[in-house]
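Student: Could you choose one part of this model and take me through it slowly, step by step? I would like to understand how its pieces are arranged before I look at anything else.

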Amino acid sequence: MTSFEKDLKSHPADYVLVVGDVTSSMACGIVANKCHVPLIHVEAGLRSSSRKMPEEINRIVIDSITDIFFTTTKDASEILLKEGKETEQIHLAGNVMINSLQHALPKLREPVGIDLNQKYFVLTLHSPYNVDEKQKLESLLNQISQDIGKKAIGIFPVHPRTLKSLNLQKIPNNIVTTSPMGYLEVICLLKQSTAVITDSGGIQEETTVLGIPCLTLRDNTERPETATIGTNELIGTSNLEGLSTAIQTIMNGNWKKGGIPDLWDGASSERIAKILLDIVNR
């Protein structure tokens, strides 16, 4: 925050734009507000209704001091209106994550040492409620291993947080762990997978657009449209029976088809740029 404040004072700006719900976005937003520079938030209005998630606190703080909001869905816009924001502050732009996804698709890289021609599930787990308790994490991996059996394998790029709780000696034989991957490798892995088991917010969006079944090990999501419209389902954080049922449904080829939410078309950045130019030129 101190460094950004110095930079903002050295290079005065008409606006500061922050994206998403990471702590750095919140920090820069606070600095902008302190320096009386109007704040723009891209991906505004997302809410999981769980303040146990650090990202939820970040979203609430950012939106409480934002002047111009760009939302991914009508639901996010409605949330901001209910929180007292004015209609003229809110602009439905769609999902900029899909811009990144579509930009990446022609450039995908196959992960080194992984055969993508076999049937596999992708596992990505990093949330505290799934990975901080060693016994819970072991039970989860054992259940997934049992459910996919010999018909598929699990490919598990291990997040640094998860590695702290993971006993590599106890990983089931049909789950293959790897080091963290770059974005182009991860999307390549997702695109050719049978399904994904995750607690990530972004992967819920990416699997919906790619048409890949997604099982989300969370009790709530700030991206409900991935479940109501897309290929995602919320399984919960301790529902191993529900997870088993969902995996079997996928293995049997009976998963829902899903669709893509409005304006998740890869043109969100262009819409945002046009609106910003209109604002600046008023």
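Tutor: We should begin with a word that will come back often: two strands are said to pair if DSSP finds at least two bridges between them. Keep in mind too that this is a predicted model, and that every value below is computed from its atoms. The part I have chosen is an open sheet of 6 strands, which follow one another in the order β7-β6-β5-β8-β9-β10, with parallel pairing. Its edges are formed by β7, residues 175-178, and β10, residues 232-234, each of which has a pairing partner on one side only. If we leave direction aside, neighbouring strands of this sheet are turned against each other by 20° on average.

Let us now go through some of the pairings, starting with strand β5, which covers residues 120-124 and pairs with strand β8, residues 195-198, in the parallel sense over 4 bridges. To find this pairing in the picture, look for Val122, whose bridge partner in β8 is Val196. On the side of β6, β5 is joined by 3 bridges, and these two strands also run parallel. Here the residue to look for is Phe121, whose bridge partner in β6 is Gly154. One step further towards the edge, β6 pairs with β7 over 4 bridges, again in the parallel sense, and the bridge partner of Ile155 in β7 is Val176.

How many residues of β6 are buried? The count is 5 of the 5, so β6 is largely enclosed by the rest of the structure; for this step you need to know that a residue is called buried when its relative accessible area is under 20%. It also helps to ask which way these residues point. In a regular strand the side chains alternate between the two faces of the sheet. In β6, Ile153, Ile155 and Pro157 point one way, whereas Gly154 and Phe156 point the other way, and all of them are buried. Two of these residues have already appeared as bridge partners, namely Gly154, which is matched with Phe121, and Ile155, which is matched with Val176.

We can turn next to the helices that lie across these strands. Helix α9, residues 183-191, lies across β5, β6 and β8, and runs at about 140° to β5. Helix α12 lies across β5, β8 and β9, where β9 covers residues 214-216, and α12 runs at about 175° to β9. Both β5 and β8 are therefore found under α9 as well as under α12, if you take "under" simply to mean that the helix lies across them.

Helix α12, residues 240-251, also packs with a helix, namely α7, residues 134-148: the angle between them is about 30°, and their axes are 10 Å apart. Because angles under 35 degrees count as roughly parallel, α7 and α12 are described as roughly parallel to each other. The crossing in which α7 passes α12 is right-handed. From α7 the contact takes Leu140, Gln143, Ile144, Asp147 and Ile148, while α12 supplies Leu240, Leu243, Ser244, Ile247, Gln248 and Met251. Sorted by class, the residues of this contact are 7 nonpolar, 3 polar and 1 charged.

Finally, it is useful to set beside this part another sheet in the model, which is also open and has parallel pairing, but consists of 4 strands in the order β1-β2-β3-β4. Its edge strands are β1, residues 16-19, and β4, residues 90-92, each pairing on one side only, and its twist averages 20° from one strand to the next. Within it, strand β3, residues 68-71, is joined to β4 by 3 bridges, and the two run parallel; the bridge partner of Phe69 in β4 is Ile90. Helix α13, residues 268-280, packs on this sheet and touches β1, β2, β3 and β4, with a direction that makes about 160° with that of β3. When you return to the picture, trace the sheet of 6 strands from β7 to β10, and then look for α9 across β5, β6 and β8 and for α12 across β5, β8 and β9.

How values were computed:
Residues numbered from 1 in each chain as written. Predicted model: local features only at pLDDT ≥ 70, side-chain atom pairs only at ≥ 80, totals over all residues. Heavy atoms only, no water. Axes fitted to C-alpha atoms, helices over the stretch in contact; angles between N-to-C directions. Parallel < 35°, antiparallel > 145°, perpendicular 65-115°, else oblique. Left-handed = near helix turned anticlockwise from the far one by under 90°. Contact = heavy atoms within 4.5 Å. Nonpolar A, V, L, I, M, F, W, Y, C, P; charged D, E, K, R; others polar. Buried < 20%, exposed > 50% of the residue type's maximum accessible area, 1.4 Å probe, protein only.
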